[in-house]
Amino acid sequence: MWALGRQVTVEVPATSANLGPGFDSLGLALNWYDRSTVTVIEDGFEIVVHGEGADSVPCDQSHLVVATILEALADWGLQVPGLRFEATNTIPHGRGLGSSSAALVAGLLMAWGLAHPHEEVDRVWLLREAFAREGHADNVAPAIHGGFVITWAGAHNDSPDAGHRSRPSQIHSAVSAVALVPGVEVLTTAARSVLPSEVPFSDAVANASRAALLVHAMSQEPSLFLEATSDRLHQVHRAELMPKSIQLVKELRRAGFGALISGAGPTVLVLLDQDQLPGLRRAIAAADPNREFSAHELRPGYRARIIHTCE
Ligand code: HSE
(Lines give C-alpha, C1' and ligand atoms only; values in the text may rest on other atoms or scores of the structure.)
Protein backbone atom coordinates (compact mmCIF):
# COMPACT_ATOMS: atom_id res chain seq x y z
CA MET A 1 0.00 0.00 0.00
CA TRP A 2 1.42 3.40 -0.97
CA ALA A 3 1.91 6.16 1.56
CA LEU A 4 0.34 9.26 0.02
CA GLY A 5 2.91 12.04 -0.03
CA ARG A 6 5.88 9.70 -0.51
CA GLN A 7 8.37 11.84 -2.37
CA VAL A 8 11.69 11.40 -4.17
CA THR A 9 13.97 14.11 -5.58
CA VAL A 10 16.77 13.29 -8.01
CA GLU A 11 19.50 15.09 -9.92
CA VAL A 12 20.93 13.80 -13.20
CA PRO A 13 23.84 15.37 -15.10
CA ALA A 14 24.29 16.46 -18.68
CA THR A 15 26.65 14.22 -20.62
CA SER A 16 28.80 14.64 -23.68
CA ALA A 17 29.11 11.51 -25.85
CA ASN A 18 31.80 10.58 -28.42
CA LEU A 19 34.35 13.21 -27.24
CA GLY A 20 35.72 13.28 -30.80
CA PRO A 21 37.17 9.88 -31.72
CA GLY A 22 35.15 7.69 -29.31
CA PHE A 23 31.98 7.42 -31.40
CA ASP A 24 29.29 5.48 -29.50
CA SER A 25 31.91 4.49 -26.90
CA LEU A 26 33.22 7.38 -24.77
CA GLY A 27 31.22 9.84 -22.68
CA LEU A 28 31.71 12.42 -19.96
CA ALA A 29 29.30 13.56 -17.23
CA LEU A 30 29.35 17.28 -16.43
CA ASN A 31 28.38 19.41 -13.44
CA TRP A 32 25.23 20.65 -15.17
CA TYR A 33 22.06 18.89 -14.15
CA ASP A 34 18.28 18.56 -14.20
CA ARG A 35 16.47 18.17 -10.91
CA SER A 36 13.06 16.51 -10.53
CA THR A 37 10.69 15.47 -7.77
CA VAL A 38 7.92 12.91 -7.83
CA THR A 39 5.19 12.64 -5.17
CA VAL A 40 2.56 9.94 -4.75
CA ILE A 41 -0.89 11.54 -4.82
CA GLU A 42 -4.42 10.20 -4.44
CA ASP A 43 -5.40 10.24 -8.08
CA GLY A 44 -4.33 11.29 -11.61
CA PHE A 45 -1.17 12.88 -12.96
CA GLU A 46 0.03 16.42 -12.34
CA ILE A 47 3.05 17.45 -14.37
CA VAL A 48 4.89 20.73 -13.93
CA VAL A 49 8.05 21.51 -15.90
CA HIS A 50 10.19 24.60 -15.40
CA GLY A 51 12.99 25.67 -17.72
CA GLU A 52 14.01 23.65 -20.78
CA GLY A 53 11.06 21.94 -22.46
CA ALA A 54 8.47 23.70 -20.28
CA ASP A 55 6.46 24.69 -23.38
CA SER A 56 6.99 21.58 -25.46
CA VAL A 57 7.02 18.40 -23.36
CA PRO A 58 3.70 16.55 -22.89
CA CYS A 59 1.82 17.17 -19.64
CA ASP A 60 0.28 13.73 -19.28
CA GLN A 61 1.55 10.25 -18.55
CA SER A 62 3.22 10.06 -21.97
CA HIS A 63 5.86 12.45 -20.56
CA LEU A 64 9.13 10.47 -20.91
CA VAL A 65 10.09 10.64 -17.23
CA VAL A 66 6.61 9.81 -15.93
CA ALA A 67 6.20 6.97 -18.44
CA THR A 68 9.58 5.56 -17.33
CA ILE A 69 8.58 5.72 -13.64
CA LEU A 70 5.32 3.89 -14.37
CA GLU A 71 7.04 1.24 -16.48
CA ALA A 72 9.73 0.55 -13.89
CA LEU A 73 7.16 0.29 -11.11
CA ALA A 74 5.05 -2.04 -13.26
CA ASP A 75 8.12 -4.30 -13.72
CA TRP A 76 8.06 -4.79 -9.93
CA GLY A 77 4.29 -5.36 -10.02
CA LEU A 78 3.59 -1.93 -8.49
CA GLN A 79 1.02 0.66 -9.45
CA VAL A 80 0.57 4.12 -7.98
CA PRO A 81 -2.84 5.76 -7.44
CA GLY A 82 -1.51 9.01 -8.91
CA LEU A 83 1.68 11.05 -9.30
CA ARG A 84 2.71 14.66 -9.15
CA PHE A 85 5.91 15.27 -11.10
CA GLU A 86 7.82 18.55 -11.02
CA ALA A 87 11.05 19.16 -12.94
CA THR A 88 13.52 22.00 -13.20
CA ASN A 89 15.35 21.37 -16.44
CA THR A 90 18.54 23.23 -17.28
CA ILE A 91 20.13 20.81 -19.79
CA PRO A 92 19.28 22.16 -23.26
CA HIS A 93 17.19 19.83 -25.45
CA GLY A 94 18.32 18.62 -28.89
CA ARG A 95 21.87 19.96 -28.49
CA GLY A 96 23.93 16.80 -27.92
CA LEU A 97 24.15 17.10 -24.13
CA GLY A 98 22.24 13.95 -23.20
CA SER A 99 18.95 15.53 -22.10
CA SER A 100 16.85 12.50 -23.07
CA SER A 101 19.25 10.12 -21.31
CA ALA A 102 19.05 12.37 -18.25
CA ALA A 103 15.24 12.16 -18.38
CA LEU A 104 15.30 8.38 -18.63
CA VAL A 105 17.81 7.95 -15.81
CA ALA A 106 15.80 10.39 -13.66
CA GLY A 107 12.65 8.30 -14.21
CA LEU A 108 14.41 5.08 -13.23
CA LEU A 109 16.00 6.66 -10.16
CA MET A 110 12.67 8.07 -8.98
CA ALA A 111 10.99 4.69 -9.48
CA TRP A 112 13.75 3.13 -7.37
CA GLY A 113 13.32 5.74 -4.64
CA LEU A 114 9.54 5.23 -4.54
CA ALA A 115 9.73 1.45 -4.46
CA HIS A 116 12.88 1.02 -2.32
CA PRO A 117 13.05 4.10 -0.08
CA HIS A 118 15.47 2.50 2.39
CA GLU A 119 17.86 0.86 -0.05
CA GLU A 120 20.96 2.20 -1.75
CA VAL A 121 20.37 2.51 -5.52
CA ASP A 122 21.41 -0.64 -7.34
CA ARG A 123 23.51 0.91 -10.13
CA VAL A 124 23.84 -2.43 -11.94
CA TRP A 125 20.04 -2.53 -12.22
CA LEU A 126 20.02 1.15 -13.19
CA LEU A 127 22.56 0.62 -15.98
CA ARG A 128 20.79 -2.47 -17.28
CA GLU A 129 17.40 -0.74 -17.40
CA ALA A 130 18.79 2.46 -18.89
CA PHE A 131 20.73 0.54 -21.56
CA ALA A 132 17.63 -1.46 -22.43
CA ARG A 133 15.61 1.73 -22.98
CA GLU A 134 18.14 4.10 -24.53
CA GLY A 135 20.05 3.27 -27.70
CA HIS A 136 23.06 5.43 -26.76
CA ALA A 137 25.06 3.88 -23.98
CA ASP A 138 27.66 6.65 -24.25
CA ASN A 139 25.18 9.08 -22.67
CA VAL A 140 23.47 6.94 -20.03
CA ALA A 141 26.61 5.25 -18.68
CA PRO A 142 28.42 8.49 -17.72
CA ALA A 143 25.19 9.88 -16.24
CA ILE A 144 25.00 6.81 -13.98
CA HIS A 145 28.70 6.18 -13.19
CA GLY A 146 29.69 9.85 -13.22
CA GLY A 147 32.86 11.16 -14.82
CA PHE A 148 34.56 9.69 -17.88
CA VAL A 149 33.15 6.37 -19.06
CA ILE A 150 34.07 3.78 -21.68
CA THR A 151 31.17 1.74 -23.10
CA TRP A 152 31.15 -1.17 -25.50
CA ALA A 153 28.60 -3.56 -26.98
CA GLY A 154 28.84 -7.30 -26.55
CA ALA A 155 30.72 -9.46 -24.08
CA HIS A 156 33.72 -11.80 -24.58
CA ASN A 157 32.27 -13.32 -27.76
CA ASP A 158 31.80 -9.86 -29.36
CA SER A 159 28.12 -10.52 -29.94
CA PRO A 160 26.20 -7.23 -29.77
CA ASP A 161 23.27 -9.28 -28.46
CA ALA A 162 25.06 -9.43 -25.13
CA GLY A 163 24.08 -5.77 -24.68
CA HIS A 164 26.11 -2.80 -23.53
CA ARG A 165 28.82 -2.79 -20.90
CA SER A 166 30.69 0.10 -19.36
CA ARG A 167 33.50 1.11 -17.02
CA PRO A 168 34.36 4.48 -15.52
CA SER A 169 37.90 5.63 -16.19
CA GLN A 170 40.16 8.15 -14.45
CA ILE A 171 40.10 11.92 -14.90
CA HIS A 172 43.11 14.13 -14.16
CA SER A 173 42.28 16.83 -11.58
CA ALA A 174 43.15 19.64 -14.05
CA VAL A 175 40.57 18.60 -16.68
CA SER A 176 37.97 21.25 -17.55
CA ALA A 177 35.29 21.36 -20.21
CA VAL A 178 33.61 24.27 -21.94
CA ALA A 179 30.31 23.70 -23.74
CA LEU A 180 29.40 26.15 -26.51
CA VAL A 181 25.68 25.79 -27.10
CA PRO A 182 24.05 27.20 -30.25
CA GLY A 183 20.41 28.30 -30.41
CA VAL A 184 19.50 25.64 -32.98
CA GLU A 185 18.59 21.99 -32.34
CA VAL A 186 19.60 18.89 -34.32
CA LEU A 187 17.71 15.62 -33.98
CA THR A 188 19.90 12.63 -33.16
CA THR A 189 17.98 10.57 -35.73
CA ALA A 190 18.89 13.12 -38.41
CA ALA A 191 22.53 13.14 -37.27
CA ARG A 192 22.69 9.34 -37.48
CA SER A 193 20.94 9.16 -40.86
CA VAL A 194 23.83 11.00 -42.57
CA LEU A 195 26.51 8.54 -41.40
CA PRO A 196 28.04 6.14 -43.96
CA SER A 197 27.69 2.38 -43.52
CA GLU A 198 31.41 1.86 -44.19
CA VAL A 199 34.54 3.96 -43.66
CA PRO A 200 38.06 3.77 -45.13
CA PHE A 201 40.44 1.55 -43.16
CA SER A 202 42.82 4.51 -42.64
CA ASP A 203 40.04 6.52 -40.93
CA ALA A 204 39.23 3.59 -38.63
CA VAL A 205 42.92 3.31 -37.70
CA ALA A 206 43.18 7.07 -37.08
CA ASN A 207 40.16 7.00 -34.75
CA ALA A 208 41.31 3.89 -32.87
CA SER A 209 44.67 5.53 -32.06
CA ARG A 210 43.11 8.85 -31.02
CA ALA A 211 40.44 7.20 -28.84
CA ALA A 212 43.17 5.25 -27.05
CA LEU A 213 45.20 8.46 -26.68
CA LEU A 214 42.14 10.24 -25.26
CA VAL A 215 41.95 7.75 -22.37
CA HIS A 216 45.59 8.63 -21.56
CA ALA A 217 45.09 12.41 -22.03
CA MET A 218 42.03 12.38 -19.78
CA SER A 219 43.76 10.53 -16.95
CA GLN A 220 47.34 11.77 -17.17
CA GLU A 221 48.20 14.33 -19.80
CA PRO A 222 45.46 16.87 -20.58
CA SER A 223 47.99 18.84 -22.65
CA LEU A 224 47.40 16.18 -25.38
CA PHE A 225 43.69 16.99 -25.79
CA LEU A 226 44.13 18.65 -29.20
CA GLU A 227 45.57 15.48 -30.75
CA ALA A 228 43.44 13.15 -28.64
CA THR A 229 40.10 14.65 -29.75
CA SER A 230 40.68 14.37 -33.50
CA ASP A 231 37.89 12.47 -35.30
CA ARG A 232 37.49 11.18 -38.88
CA LEU A 233 34.46 8.90 -38.47
CA HIS A 234 31.40 11.05 -37.83
CA GLN A 235 31.89 14.82 -37.49
CA VAL A 236 32.77 15.36 -41.15
CA HIS A 237 29.57 13.58 -42.26
CA ARG A 238 27.42 15.66 -39.92
CA ALA A 239 28.89 18.98 -41.07
CA GLU A 240 25.99 19.82 -43.39
CA LEU A 241 23.55 19.61 -40.44
CA MET A 242 25.59 21.95 -38.21
CA PRO A 243 27.89 24.08 -40.39
CA LYS A 244 28.43 26.82 -37.79
CA SER A 245 29.39 24.30 -35.11
CA ILE A 246 31.85 22.57 -37.42
CA GLN A 247 33.34 25.94 -38.35
CA LEU A 248 33.76 26.79 -34.65
CA VAL A 249 35.39 23.40 -34.00
CA LYS A 250 37.86 24.09 -36.84
CA GLU A 251 38.73 27.58 -35.61
CA LEU A 252 39.23 26.53 -32.01
CA ARG A 253 41.36 23.56 -33.08
CA ARG A 254 43.42 25.89 -35.26
CA ALA A 255 43.96 27.99 -32.12
CA GLY A 256 45.28 24.86 -30.38
CA PHE A 257 42.26 23.66 -28.35
CA GLY A 258 40.66 20.18 -28.19
CA ALA A 259 37.29 21.18 -29.68
CA LEU A 260 34.77 18.59 -30.84
CA ILE A 261 31.07 18.07 -31.52
CA SER A 262 29.29 16.99 -28.33
CA GLY A 263 27.27 13.81 -28.93
CA ALA A 264 25.17 14.09 -32.08
CA GLY A 265 25.58 17.91 -31.93
CA PRO A 266 25.27 20.76 -32.48
CA THR A 267 26.95 21.82 -29.20
CA VAL A 268 30.71 22.26 -29.38
CA LEU A 269 32.66 20.90 -26.41
CA VAL A 270 36.24 21.88 -25.63
CA LEU A 271 38.35 19.66 -23.38
CA LEU A 272 41.28 21.45 -21.78
CA ASP A 273 43.62 21.85 -18.87
CA GLN A 274 42.05 24.45 -16.58
CA ASP A 275 45.19 26.62 -16.90
CA GLN A 276 44.24 27.13 -20.56
CA LEU A 277 40.87 28.73 -19.72
CA PRO A 278 41.94 32.38 -20.14
CA GLY A 279 43.40 31.57 -23.58
CA LEU A 280 40.28 29.65 -24.57
CA ARG A 281 38.04 32.58 -23.59
CA ARG A 282 40.05 34.81 -25.95
CA ALA A 283 39.90 32.22 -28.74
CA ILE A 284 36.11 31.88 -28.35
CA ALA A 285 35.64 35.66 -28.46
CA ALA A 286 37.65 35.78 -31.71
CA ALA A 287 35.92 32.76 -33.31
CA ASP A 288 32.36 33.71 -32.27
CA PRO A 289 32.34 37.53 -32.24
CA ASN A 290 28.53 37.73 -32.46
CA ARG A 291 28.11 35.32 -29.53
CA GLU A 292 25.95 32.85 -31.43
CA PHE A 293 27.03 30.15 -28.96
CA SER A 294 26.47 30.47 -25.23
CA ALA A 295 29.56 29.38 -23.28
CA HIS A 296 29.34 27.22 -20.14
CA GLU A 297 32.51 26.53 -18.17
CA LEU A 298 32.10 23.11 -16.58
CA ARG A 299 33.89 20.42 -14.62
CA PRO A 300 33.58 16.68 -15.17
CA GLY A 301 32.61 14.19 -12.53
CA TYR A 302 29.01 14.60 -11.45
CA ARG A 303 26.70 11.56 -11.35
CA ALA A 304 22.96 10.83 -11.09
CA ARG A 305 21.71 10.50 -7.53
CA ILE A 306 18.70 10.60 -5.26
CA ILE A 307 19.11 13.76 -3.19
CA HIS A 308 16.02 13.54 -1.02
CA THR A 309 13.30 11.05 -0.07
CA CYS A 310 10.33 11.68 2.18
CA GLU A 311 7.71 9.16 3.32
N1 HSE B 1 27.04 8.46 -29.98
C2 HSE B 1 25.76 8.98 -30.30
C3 HSE B 1 25.83 9.70 -31.64
C4 HSE B 1 25.33 9.92 -29.24
O5 HSE B 1 26.75 10.45 -31.86
O6 HSE B 1 24.95 9.49 -32.47
C7 HSE B 1 23.90 10.35 -29.38
O8 HSE B 1 23.54 11.13 -28.30
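## Asp203 and strand β2

Biologist: Which residues does Asp203 touch, leaving out those up to four places away in sequence?

Modeller: Asp203 touches Arg232 and Leu233, where contact means heavy atoms within 4.5 Å. This is a predicted model, in which local features need pLDDT of at least 70 and side-chain atom pairs count only at pLDDT 80 or more, while totals for chains, interfaces and linings use all residues. Residues are numbered from 1 along each chain as its sequence is written, and side-chain values use heavy atoms, with hydrogens and water left out.

Biologist: Is Asp203 buried or exposed?

Modeller: Asp203 counts as buried because its relative accessibility is 15%; buried means under 20% relative accessible area, exposed over 50%, and partly exposed in between, with a 1.4 Å probe and protein chains only.

Biologist: Which helix is Asp203 in?

Modeller: Asp203 is found in helix α6, residues 201-219; helices (H or I, at least four residues) and strands (E, at least two) are DSSP runs numbered from the N terminus.

Biologist: New topic: how many residues of β2 are buried?

Modeller: In strand β2, residues 26-41, 13 of the 16 residues are buried, so the strand is mostly covered.

Biologist: And which residue stands opposite Thr9?

Modeller: Thr9 stands opposite Thr37 in β2, and strand β1 (residues 7-17) pairs with β2 in the antiparallel sense over ten bridges, two strands being paired if DSSP finds at least two bridges between them.

Biologist: What about β2 and β4, how many bridges there?

Modeller: β2 pairs with strand β4 (residues 82-89) over seven bridges, again in the antiparallel sense, and the bridge partner of Ile41 in β4 is Gly82.
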